[in-house]
Amino acid sequence: MKKSILRTKVIQILKKHKLSKKHSEICADYLIKAELVGAKSHGLTRLRMYCQRIQKKLINPKPRIKIKKINSSISHIDADNSIGFVSADIAISQAIKNAKKTGIGLVGVKRSGHFGLSSFYAEQAVKKNLIVFCFTNAPPALAPHGAKKSLFGTNPICFGVPTGKVPFILDTSTSIINRGKIRRAHKLGEKIPYGVALDKSGKITTDPKRALEGTQLPIATFKGSGLAWMVDILSGVLTGGSHGGKTKDPFDDFSGPQNVGHLFLTINPKIFIGKKFLKEMKENIRLVKKLPKAKGFNSILYPGERKNNLYKKNSKKDISIPQKILNEMNDLNVV
Ligand SMILES: NC(=O)c1ccc[n+]([C@@H]2O[C@H](COP(=O)([O-])OP(=O)(O)OC[C@H]3O[C@@H](n4cnc5c(N)ncnc54)[C@H](O)[C@@H]3O)[C@@H](O)[C@H]2O)c1
């Protein structure tokens, strides 16, 4: 489908679900961007879930988002159960403003929802020549190291830095694969890769349904578990959001709003070495890229390059949407 037609359709659906025109546009642009960077797990496959949560009054389509100034660097946002895209969009703009004033911006968000890819927000800060960290917690998916039961989310860690060229954006779940990939495989009747999830009895499974009932495996065993825990503390405990396994699963827990927490940290890269930063950054990348290549590699990519290439390539083409997801969109448009 042509991007412009798809955008109009998604906006129409969200407006039918009582989101304002501006908020519908923000959400549509992020959902379509996920498709274009090849993160289909965070694209249109989630539209029905967001709409269901609005219908069930668990996402507030007309939130009164409050921004509390703590000082010139720090702000605290109460998202009033807004859809995550909107509150995160406001939060990153505030973090950018704060860092432009003082060198550092720190914005915590509570009572938010699933916000898609962390890189959406990191890119905005990097475009304004800032270093950025974005954190969010997510519903239980990983068992803490030594536990039998899931509690941490796939809690992504995102770090961005300007390079003068394609931004360096490391954006990774703390699970081996993100949960959206398992959800989408389940919806489309596909298998998941071997070795990324266990079923309820603790056996490795490639069946997405069993994986969703069981636990996902963290990156690098106890180290990934520790990183997921760190993200839960920064996004949840620190901000006043949910934590300790209390973030509700947006797909199948309708017992209340998600109360996701996010944290955005923005840093002016010139604070220590002034204009030399960009020069040193370029040199840093050059030193890595010029290394002899391992077998099977023509080049060494830095985080963010692959998605940037995909975005450029996919932006020239129509977006292919599986029939099952098109049917969901058609159903949503007649609500
Ligand atoms: N909102 C939420 O609750 C939530 C939860 C989990 C994940 N997510 C999002 O899901 C997205 C995908 O997460 P993921 O774990 O599947 O990421 P991924 O495995 O696709 O990529 C992880 C990182 O590795 C880098 N990378 C990939 N291939 C590379 C290569 N060949 N060379 C060098 N670097 C490479 C990518 O640029 C990225 O920074 C992220 O954007 C994340 O923010 C969101």
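Which residues form a positive surface patch? In this predicted model, the patch is made up of four lysines, namely Lys 100, Lys 128, Lys 270 and Lys 275.

It helps to begin with the overall fold. The chain contains 12 helices and 9 strands. Its radius of gyration is 20 Å, close to the 20 Å that the globule rule gives for 335 residues, so the chain is as compact as a globular protein of that length. Along the principal axes, the C-alpha atoms occupy a box of roughly 55 × 50 × 45 Å. Buried residues account for 50% of the 335 in the chain.

Returning to the surface, one member of the positive patch, Lys 270, lies in helix 9, which covers residues 270-273. Lys 270 counts as partly exposed because its relative accessibility of 48% falls between the 20% limit for buried residues and the 50% limit for exposed ones.

Helix 9 also takes part in a second surface feature. A nonpolar patch is formed by Ile 104, Ile 271, Phe 272 and Ile 273, and together these residues present about 410 Å² of accessible area. With 3 residues, helix 9 supplies the largest share of this nonpolar patch. Among the patch members is Ile 273, which is placed in helix 9. With a relative accessibility of 42%, Ile 273 is classed as partly exposed.

Helix 9 thus offers a handy place to start when viewing the model: Lys 270 of the positive patch is found in this helix, and so is Ile 273 of the nonpolar patch.

Key: Residues are numbered from 1 along each chain as its sequence is written. This is a predicted model: local features need pLDDT of at least 70, side-chain atom pairs count only at pLDDT 80 or more; totals for chains, interfaces and linings use all residues. Side-chain values use heavy atoms; hydrogens and water are left out. Patches are made of residues with over 30% relative accessible area and no salt bridge: like charges are joined within 9 Å, nonpolar side chains (Val, Leu, Ile, Met, Phe, Trp, Tyr) within 5 Å. Accessible areas come from the Shrake-Rupley method with a 1.4 Å probe; for residues, only the protein chains shown count as cover. A salt bridge is a side-chain nitrogen of Lys or Arg within 4 Å of a carboxyl oxygen of Asp or Glu. Lys and Arg count as positive and Asp and Glu as negative; His and the chain ends are not counted. The place of a charge is taken as NZ of Lys, CZ of Arg, CG of Asp or CD of Glu. Helices (H or I, at least four residues) and strands (E, at least two) are DSSP runs, numbered from the N terminus. Buried means under 20% relative accessible area, exposed over 50%, partly exposed in between (1.4 Å probe, protein chains only). The radius of gyration is taken over C-alpha atoms; the globule rule is 2.2 Å times the number of residues to the power 0.38.
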